[in-house]
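Reader: I have a protein model on my screen and I'm new to this. Could you walk me through it, one question at a time?

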Amino acid sequence: MSAICGIWRMDGAPLHPADFTSALALHAGEPHTLIQSGVGFACANQPIFRHEATQQPSLIDHLLIAADARIDNRADLRGQLGLAGDANDTELIARAYLHWGSACAEHLIGDYAFAIYDTLQQRLLCVRDHAGVRPLYFYQQAGYFAFASSIKALLELPGVPRAFDEREIAAFLIDMTNPALETTFYRDIYKLRFGYQLMVDPDGV
């Protein structure tokens, strides 16, 4: 299992590893950070199986990737992509993206939430598995995008405000049902729906 988070500062503001420390402070495992061209990913890894990546985020070819994933059809993917038997799940996802592009999730079976920043295309892809086992939350404003495995981690990232969405709270109290899948109790913080993907580029989401 992994806790992941990331920031894309399209406004040119600098990023530092310390920006991600608080977001991952509550998670076990040594946090790692990778920053490339205004995009920063961080991950606190707690690998259970040997096929899981032991250190993330990773830079694979021109892709910056962070994943909380357990891929079940890894043998089939290795055959289709011509990969060695020791390729971990994060590498499988990255190679699947290089091969199939944004349609890569159609070829993945398992539990996963991941983010890939394509340095050549200057776009960020966030994907969540079809069953919704691994969560992913995001916040977006002009020139700024952030994501994380949990709302608590997202709120610790610089630039993400702690502002309650009173309309969502009121709707929950009146109906006594869960809020809409994509909304949360925090203003401008959304949950990526399971089985969905989100593409971000300088023009927006």
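Reader: Let's begin with Arg95. Is it buried, partly exposed or exposed?

Author: Keep in mind that we're looking at a predicted model. Buried means under 20% relative accessible area and exposed means over 50%. Arg95 comes out at 24%, so the label is partly exposed.

Reader: Which residue forms a salt bridge with Arg95 at 3.0 Å?

Author: The cut-off is 4 Å between a side-chain nitrogen and a carboxyl oxygen, and 3.0 Å is the gap between the closest N and O atoms here. The partner lies in the loop between β4 (58-60) and β5 (63-71), while Arg95 is in helix α2 (residues 89-100), so the bridge ties together parts that are 34 residues apart in sequence. That partner is Asp61.

Reader: And which residue forms a salt bridge with Arg95 at 3.9 Å?

Author: This one stays inside helix α2, where the two residues sit 4 residues apart, about one turn of the helix. The partner is partly exposed, at 24% relative accessibility. Salt bridges that share partners join this residue, Asp61 and Arg95 into one network. The residue you're after is Glu91.

Reader: How many residues apart are Asp68 and Arg134?

Author: Their side chains meet in a salt bridge, 2.5 Å from N to O. Asp68 is in strand β5 and Arg134 is in the loop between β7 (123-128) and β8 (137-141), so look for distant parts of the chain. Both residues are buried. Along the chain, they are 66 residues apart.

Reader: What is the count of salt bridges?

Author: We've just met some of them, such as the one between Asp68 and Arg134. With the 4 Å cut-off, the count comes to 9.

Reader: What about cysteines: how many disulfides are there?

Author: A disulfide needs two cysteine sulfur atoms within 2.5 Å. Take Cys104, which is buried at 0% relative accessible area: the nearest cysteine sulfur is that of Cys126, 12 Å away. Cys126 is buried too, at 1%, and is in no disulfide either. The count is 0.

Reader: Now the open sheet of 5 strands. Which are the edge strands?

Author: The sheet has antiparallel pairing, and its order is β4-β5-β6-β7-β11. An edge strand pairs on one side only, so read off the two ends of that order. You get β4 and β11 (197-200).

Reader: Which residue in β11 does Leu125 stand opposite?

Author: β7 and β11 pair in the antiparallel sense over 4 bridges. Follow Leu125 across to β11 and you land on Met199.

Reader: At what angle does α2 run to β5?

Author: Picture the sheet first: its neighbouring strands are turned by 20° against each other on average, direction ignored. Helix α2 lies across β4, β5, β6 (110-118) and β7. To β5, the helix runs at about 120°.

Reader: How far apart are the C-alpha atoms of Ala18 and Leu157?

Author: Ala18 lies in the loop between β1 (2-9) and β2 (31-36), and at 59% relative accessibility Ala18 counts as exposed. Leu157 is 139 residues away along the chain. Their C-alpha atoms are separated by 9.9 Å.

Reader: Last one: which element has the lowest mean pLDDT?

Author: The chain averages 88, and 90% of the residues score at least 70. Among the elements, β7 has the highest mean, at 97. At the other end, with a mean of 80, is helix α4 (residues 166-175).

Key
Residues are numbered from 1 along each chain as its sequence is written. Side-chain values use heavy atoms; hydrogens and water are left out. Buried means under 20% relative accessible area, exposed over 50%, partly exposed in between (1.4 Å probe, protein chains only). pLDDT is the predictor's confidence in each residue, from 0 to 100. Axes are lines fitted to C-alpha atoms, for helices over the stretch in contact, and angles run from 0 to 180 degrees between N-to-C directions. Contact means heavy atoms within 4.5 Å.
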